[in-house]
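Biologist: Please take a close look at a single part of this model for me, and pick a spot where the burial classes do some work. Follow it through to whatever it connects with.

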Amino acid sequence: MTEIISVVLAIAISLCWYLPCVKAQGNARVLHRNDYLKAFFLFGILFTCILIIVTEITWDRLSELTPLSGLTKDIVSDFFRAALLEELFKFLGFRLAKKNLSLHRKTDCILIAGLIGVSYSMVEKAVNGNIIGVIIGLAIPMHIMWQFNQGGHYFEYEKLKAAGDITKARKELFLAIFVPFLFHGCWDSGLDIVLFCINTENDIYSFIGMILLLAMVAAGIIYTIRTIIKVFRTAKNDPAEVPCMDQGSVDANTEPH
């Protein structure tokens, strides 16, 4: 019963974050419902989520052969199991969806990248089966926010690359690929450090853990709000017309991310 409730909550809360961003386009929407469903199930669930699950299970088995343990093992896992594998396959899933759906607008890149994040966020929280963990995790939906930002920066990368501005293009590619990995690793590591401190019998460590937790929650809320505001602004200002250009070409009037 707990697993069923977790699945329902994961789906409902994720959609509460995502659907308003889609509706923010108003009448300028380009993608159809079938496009979103295809991106979610084919490139999100069947490609991204399955590859993440398989590679993370493989990592777990291999990690048992290493001498690492405790908090050190957790932090290494946070960066190279969670952050590296999950962000890699989410990005590849987005790239495949972008090519398949012929995305040319910044809004569509943001929303489809975010949808890949939604798919994994739902699966991850549902599999955990912890209702409280589901609610807390989706109250600050980092997987969705990281991918929203990734889609916007990758759009800017392709636009700048097509314009010949290689220096700025590389910066946007860095923001699209490395920053989500870094944020993800630091976020998960921070949570593990919080748990380590709180679970000790030392009052000073417990206090440090609570302060770190409050700081992370505050930072997560600010990051989420700022991201949603940028997504809404882009969605409202992006024109519906899709230019007849090459894959890397985009509308120069689109607001920068």
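Modeller: One cut-off first: a residue is buried under 20% relative accessible area, exposed over 50%, and partly exposed in between. Also keep in mind that this is a predicted model. My pick is helix α2, and I'll start from isoleucine 53, which lies in it. Its relative accessible area is 38%, so isoleucine 53 lands in the partly exposed class. From there, glutamate 86 is 9.0 Å away, C-alpha to C-alpha, although the two are 33 residues apart in sequence.

Now for the rest of α2, which runs over residues 33-63. Its buried residues are Tyr36, Ala39, Phe40, Phe43, Gly44, Thr48, Cys49, Ile52, Glu56 and Ser63. The helix isn't straight, either: α2 has a kink of about 40° centred on glycine 44, and Gly44 is on that buried list. A bit of helix geometry helps with reading the list: an α-helix has 3.6 residues a turn, so residues three or four places apart point the same way. Take Cys49, Ile52 and Glu56, which are among the buried ones. Which residue touches this trio? Tyrosine 120 does.

Tyrosine 120 sits in helix α4. At 4% relative accessibility, tyrosine 120 falls under the 20% limit and so counts as buried. Leaving out residues up to four places away in sequence, tyrosine 120 also touches Glu86, Lys90 and His143. So glutamate 86 turns up again: its C-alpha is 8.7 Å from that of tyrosine 120, with their positions 34 residues apart in the sequence.

Follow α2 and α4 inwards and you get to the largest nonpolar core. That core has 33 residues, and Tyr36 is one of those with the most contacts inside it, along with Tyr18, Phe94, Leu111, Ile112, Leu115 and Phe148. At least two residues each come from α1, α2, α3, α4, α6, α7 and α8, and α4 provides the largest share, with nine. Leucine 111 shows how the pieces meet: leaving aside neighbours within four places, it is in contact with Tyr18, Cys21, Val22, Gln25, Tyr36, Phe148 and Val231. There is also a second, separate core of six residues, including Ile140, Trp146, Trp187 and Val194.

α1 has its own buried polar residue to look at. Serine 14 is in α1, and its relative accessible area is 0%, which is why it counts as buried. What does its side chain have for company? A polar atom of that side chain lies 2.7 Å from the backbone oxygen of alanine 10. Beyond the nearby sequence, serine 14 is in contact with Leu9, Val118, Ser121, Met122, Leu138 and Ile144.

Finally, the empty space. α2 also helps line the largest pocket, as do α3, α4, α5, α6, α7 and α8, each with two or more residues. That pocket has a volume of about 1000 Å³. Of its 35 lining residues, Glu124, Lys125, Asn128, Asp188 and Leu191 are the closest to its centre. The biggest contributor to the lining is α7, with eight residues.

Conventions
Residues numbered from 1 in each chain as written. Predicted model: local features only at pLDDT ≥ 70, side-chain atom pairs only at ≥ 80, totals over all residues. Heavy atoms only, no water. Core = buried A, V, L, I, M, F, W, Y, C linked by side-chain atoms within 4.5 Å. Buried < 20%, exposed > 50% of the residue type's maximum accessible area, 1.4 Å probe, protein only. Helix = DSSP H or I, 4+ residues; strand = E, 2+ residues; numbered from the N terminus. Contact = heavy atoms within 4.5 Å. Polar contact = N/O pair within 3.5 Å; in protein donor to acceptor, adjacent residues only side chain to side chain. Bend = angle between axes of the 7 residues up to and from the residue. 1 Å grid on protein atoms, 1.4 Å probe; cavity = no way out; pocket = protein on both sides within 12 Å on 5 of 7 lines; lining within 4 Å. Points joined across faces, edges and corners; volume = space filled by probe spheres on them.
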